[in-house]
Amino acid sequence: MREQRIQRSIIVHLRSMGAWVFNVHGSPYQQAGVPDLLVGYKGRLYAMEVKRPGQPLSPIQAKVIEEIRASGCIAGRVESIEEAEEMLK
């Protein structure tokens, strides 16, 4: 399944749960490595990098996720609706 299709299914599902979801579209004017989805849910901020099964994070994506975690937010790589839901728990 294409990454974009996985991402879309996650967005639809999270919104159906009442989450606020912002889909980040990269541009030359944006910091590199920002995760694909910024999600607000039950008073917390989550950052999700969506990948196809088995596809690794790039070094810059891994670095940004660690920086987000260091700030006290929850961030990580997801490849399914189930993994996105698990991150919200």
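Val-39 counts as buried because its relative accessibility is 0%, where buried means under 20% relative accessible area, exposed means over 50%, and partly exposed lies in between (1.4 Å probe, protein chains only). The model is predicted: local features need pLDDT of at least 70 and side-chain atom pairs count only at pLDDT 80 or more, while totals for chains, interfaces and linings use all residues. Residues are numbered from 1 along each chain as its sequence is written, and side-chain values use heavy atoms, with hydrogens and water left out. The pLDDT, which is the predictor's confidence in each residue from 0 to 100, averages 95 over the protein, and 100% of the residues score at least 70. Confidence is lowest in helix 1, with a mean of 96, and highest in strand 4, with 98. Helices (H or I, at least four residues) and strands (E, at least two) are DSSP runs, numbered from the N terminus.

Val-39 belongs to strand 2. Along this strand the side chains alternate: Leu-37, Val-39 and Tyr-41 point to one face and are buried, whereas Leu-38 and Gly-40 point to the other face and are not. In a regular strand, side chains alternate in this way between the two faces of the sheet. Contact means heavy atoms within 4.5 Å. With residues up to four places away in sequence not counted, Val-39 touches Leu-14, Ala-19, Trp-20, Val-21, Arg-44, Leu-45, Tyr-46, Met-48 and Leu-88. The C-alpha atoms of Val-39 and Arg-15 are 9.3 Å apart in space, and the two residues are 24 residues apart in sequence.

Strand 2 is part of an open sheet of four strands, in the order 1-2-3-4 and with mixed pairing. Two strands pair if DSSP finds at least two bridges between them. The edge strands are strand 1 (20-23) and strand 4, each of which pairs on one side only. Neighbouring strands of the sheet are turned by 20° against each other on average, direction ignored. Axes are lines fitted to C-alpha atoms, for helices over the stretch in contact, and angles run from 0 to 180 degrees between N-to-C directions.

Strand 1 and strand 2 pair in the antiparallel sense over four bridges. The bridge partner of Val-21 in strand 2 is Val-39, and Trp-20 stands opposite Gly-40. The side chains of strand 1 also alternate, with Val-21 and Asn-23 buried on one face, while Trp-20 and Phe-22 point to the other face and are not buried. On the other pairing, strand 2 and strand 3 are antiparallel over five bridges, and Val-39 has Tyr-46 as its bridge partner in strand 3.

Strand 2 and strand 3 form a hairpin with two residues between them. Lys-42 lies in the loop between these strands. Lys-42 has a positive phi of about 50° although it is not a glycine. With a relative accessible area of 72%, Lys-42 is exposed.

Helix 3 (residues 81-88) lies across strand 2, strand 3 and strand 4, and runs at about 165° to strand 4. Its buried residues are Ala-84, Met-87 and Leu-88. Seen down the axis of helix 3, these residues fall within an arc of 100°, so they line one face of the helix; the arc is that of the directions from the helix axis to the C-beta atoms. Their cover includes helix 1 (3-16), strand 2 (37-41), strand 3 (44-50) and strand 4 (74-78). Ala-84 is buried, with a relative accessible area of 1%. Neighbours within four places in sequence aside, Ala-84 is in contact with Ile-10, Leu-14, Met-48 and Val-78.

A nonpolar core is a set of buried Ala, Val, Leu, Ile, Met, Phe, Trp, Tyr and Cys residues joined through side-chain atoms within 4.5 Å. The largest such core has 16 residues, of which Ile-10, Leu-14, Leu-37, Val-39 and Met-48 touch the most other members. Helix 1, strand 2, strand 3 and helix 3 are the elements that give two or more residues to this core, and the largest share, four residues, comes from helix 1. Apart from neighbours within four places in sequence, Ile-10 is in contact with Leu-37, Val-50, Val-78, Ser-80, Ile-81 and Ala-84. A second, separate core of five residues includes Ala-47, Val-64, Ile-65 and Ala-75.
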